[in-house]
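Q: I'm new to this structure and would love a close look at one loop and the surroundings of the helix before it. Could you walk me through it slowly?

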Amino acid sequence: MSTLIRIGTSTCGLAAGAEGVVSAIRTDLDRRQVEVTVQRTGCLGACHNEPLVEVTDGEKAVLYGPVDPEHVDLILDRHFGGGAAQEQELSLILSRRPDHTDFPFLARQTKVTTRLCGVIDPLSLDEYLANGGYMALREALTMAPERVIAIVKDSRLRGRGGAGFPTGAKWEITRKQAASPKFLICNADEGDPGAFMNRTMIEGDPHRLLEGMLIAAWAIGASKGYLYVRAEYPLAVEALRNAVGQAAEYGVTGKNILGSGMDFEFVIKEGAGAFVCGEETALMHSIEGLRGTPSMRPPYPSVSGLWGFPTNINNVESLASIPSIILQGPSWFASLGTEQSGGTKAFALTGVVRASGLVEVPLGTPLRILVEEIGRGCKNDRPVKAVQLGGPSGGCVPAELLDTRIDYEDLRRTGAIMGSGGMVVVDDTTCMVDFARYFLTFTQDESCGKCVPCRVGTRKMLAVLTKITQGQGTRADLERLKRLCETVRTASLCGLGLTAPNPVLTTLRYFEQEYISHVDAGTCPAGICSMRPSAATPDA
Amino acid sequence: MDRGVSSNPIRRYNYQGDPLAEPPPADLMEILDRYRGERDALITVLEEIQARYRYLPAKPLQFVSRELGFPLSLIYGIATFYNVFRLTAPGRYLVRVCKGTACHVNRSSTMIEHLSEKLGITEDETTPDGLFTLQTVACVGACSLAPVMVVNEQTYGRMTPDLSWGIILKVLAQEGPRDQAEQ
């Protein structure tokens, strides 16, 4: 292949200034009068080093980052001007191999769903096809739908939205319903603050998601698929619209797809900014054009969903795993993970780690690998205090439990959850009471108000936490907080309320001493809360 | 087309002294026509109206009710439920500071306080000159570059309170000459 210059221009790349780098490269190439393709790609995942620029001819590749427009001349000089490598430019080199095995952040990962993110132009169907795109669909369409379901069951793929329900079993329930039509929904309403797995996948490789949905539609017998995407992700919406248009031209949507007899169409629905719409019944109400409030289950969507018809709802990552499962086989996928769950999971590794970004690892990988080897520990050499998983529905895993394996059951034992993939690392300058209060502020704000335990309970919990962070709390308040947590997590209508106490419960479990310092001594050990400064305040 | 008669049972507003006696403006009508008869389109319609007006003014919402047959109570129910909808006009520049988890632990609150103090407005307020509206946003998904600020469609990463104010000043500098040219 001829020489190519790749630049990551996802939301994260653009926020880091990639647009300026693209124009600097174009101007520089014009000046040199060299014909080189400049390719805008999605994100490789190494967001902390963005803007990322890769010069490659397929055999050799050099990855640079973070690149400023003023570095461009130096970099292009080395490749196209015959200039000697300069020190400043060399310090930007992250990898010298096309497979990036010499770049620790990427080398420790196993990329399945994000394999082509940062490698292909997400707006080009041809590039997806050149990398095996829609081969899995062609293969699946030659099989009986029951066979596809059996393969997905054998792969031990479980719902990547966080709950971990086996995907194949879910498809089977929807398949077996007599009612028709059946609907398929892709939940891309990535509402957890601190999560961007779905955004990266959609912005970087949108056709993979469409292919996964088409295979799911074949398996369950669905005729219409809704893509429910956050409106806060304009680039992702644009990438999907473009991909859906291309899919129609290519003939993988519409009537009698590839001669299989299947009819299917995609509908893109932009979410309107409501966290509760990540809950499946609320999401369906939102698609129906109503307020996104949840309903009692059962009936489950598989039985009675959109407008009362059988509806299968899957997360982006679950669906994006499907093409690889079909092409590489269920046993390969299962072998990547643990006994109970197969495959890989993507995490948005953020917080105070040195290297942050999108990380995809096999299930069963210890948390420590992500935090210490991929993330390279905390900035400023501070000790890791905890890892927060699953956002406002999740919990904190303390540093001493970093050897916990990433698996649905193992994580649940710690009190945290797998969640959808948000992973925020905090150091000793974070006050865990304030951290819990932060999440409660969010859930209280996002509670839809339909059921009392969540509407009133989260409000009361927030009030107690605020009182504690202002130095007005007592031991009795701690007891009251625990009772409130029990009530809210027992009696709420949907997942939002049922999981809202998790950030409080896990911090109480592992960092109760911090709560006690707040109420007994009136001090915030981390020095964050607006009370009297504590002697233990670390220097800022 | 006869707009006085409706096949839709919900649509029965046609009273004396109708404040909406005039037909809707053509560009609004174009939006409404595209979704006529689609019972699930209300959120999409409101999103398009907001894209057109930058917020949801009262009169277009009344037209949505009359033309598409949704009760106003339902329309306002939707408009106040979802975070993207605004019922008041924003400033020319919508400054949104991310308060996602990664931004929170990287102290985005100090950036909000700084901007709030410098601009002389609190969250969800607009400066008297109509230039800036300050808001927070749940998460824009650029967590690796936390803390993050978004001005209209442009996202800025790796912010500090001072850097964020610098961007506002840059916007102001671009505004200045244009204002003079207009005079």
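A: Happy to! A word on names: helices (at least four residues) and strands (at least two) are DSSP runs, numbered from the N terminus. Please also keep in mind that this is a predicted model.

Let's begin at Pro298(A), which sits in the loop between H13 and strand E9 (311-315) of chain A. The peptide bond that joins Arg297(A) to Pro298(A) is cis, with omega about -5°. Chain A has a cis bond at another proline too: from Glu50(A) to Pro51(A), omega is near -5°. Pro51(A) belongs to the loop between strand E2 (37-41) and strand E3 (53-56) of chain A.

Now step back to the helix before our loop. Helix H13 (280-287) of chain A helps to cover the buried residues of H2(B), and strand E8 (265-270) of chain A is also part of that cover. Chain B adds its own helices to the cover, including H1 (26-35), H3 (58-68) and H4 (72-81). The residues of H2(B) that are buried are Leu42(B), Ile43(B), Val45(B), Leu46(B), Glu47(B) and Ile49(B). It helps to recall that an α-helix has 3.6 residues a turn, so residues three or four places apart point the same way.

How long is H2(B)? Its twelve residues, 42-53, should span 16 Å at 1.5 Å a residue, and because the C-alpha atoms at its ends are 16 Å apart, the model agrees with that figure. Just after H2(B), Arg54(B) has a positive phi of about 75°.

H13 also has a place in the contact of the two chains. Chain A brings 40 residues to that contact and chain B brings 32 residues. On the side of chain A, the elements that give two or more residues are helix H1 (11-15), H13, strand E10 (344-351) and strand E14 (422-427). The largest share there, four residues, comes from H1(A). By kind, the residues on this side of chain A are 18 nonpolar, 16 polar and six charged.

E8(A), which we met in the cover, leads to another loop. Asn256(A) lies between helix H12 (234-250) and E8 of chain A. The phi of Asn256(A) is near 45°, a positive value in a residue other than glycine. Asn256(A) has 10 other C-beta atoms within 10 Å, and it counts as exposed because the limit for that is 12 or fewer.

Chain B offers a similar stop at Arg158(B), where phi is positive, about 50°, although the residue is not a glycine. Arg158(B) is in the loop between strand E4 (154-156) and helix H7 (161-182) of chain B. With 18 C-beta neighbours inside 10 Å, Arg158(B) counts as partly exposed.

Finally, where does our loop fall in chain A as a whole? The domain assignment puts residues 125-335 in domain 2, alongside domain 1 (4-103), domain 3 (344-427) and domain 4 (432-521). Among the helices of chain A, H9 (residues 167-176) and H11 (residues 206-220) have axes that come within 8 Å and cross at roughly 50°. That crossing makes H9(A) oblique to H11(A). Trp171(A), Thr174(A) and Arg175(A) of H9(A) make the contact with Ala216(A), Ala219(A) and Ile220(A) of H11(A).

Note on methods. Residues are numbered from 1 along each chain as its sequence is written. Chains are lettered from A and ligands numbered from 1 in the order in which they are written. This is a predicted model: local features need pLDDT of at least 70, side-chain atom pairs count only at pLDDT 80 or more; totals for chains, interfaces and linings use all residues. The expected span of a helix is 1.5 Å times one less than its number of residues. A residue is buried if 20 or more other C-beta atoms lie within 10 Å of its own, exposed if 12 or fewer, and partly exposed in between; C-beta atoms are placed from the backbone. Two residues are in contact if their C-beta atoms, placed from the backbone, lie within 7 Å. Ala, Val, Leu, Ile, Met, Phe, Trp, Tyr, Cys and Pro count as nonpolar, Asp, Glu, Lys and Arg as charged, and the others, Gly among them, as polar. Axes are lines fitted to C-alpha atoms, for helices over the stretch in contact, and angles run from 0 to 180 degrees between N-to-C directions. Angles under 35 degrees count as roughly parallel, over 145 as roughly antiparallel, 65 to 115 as roughly perpendicular and the rest as oblique. Domain bounds come from an automatic or database domain assignment.
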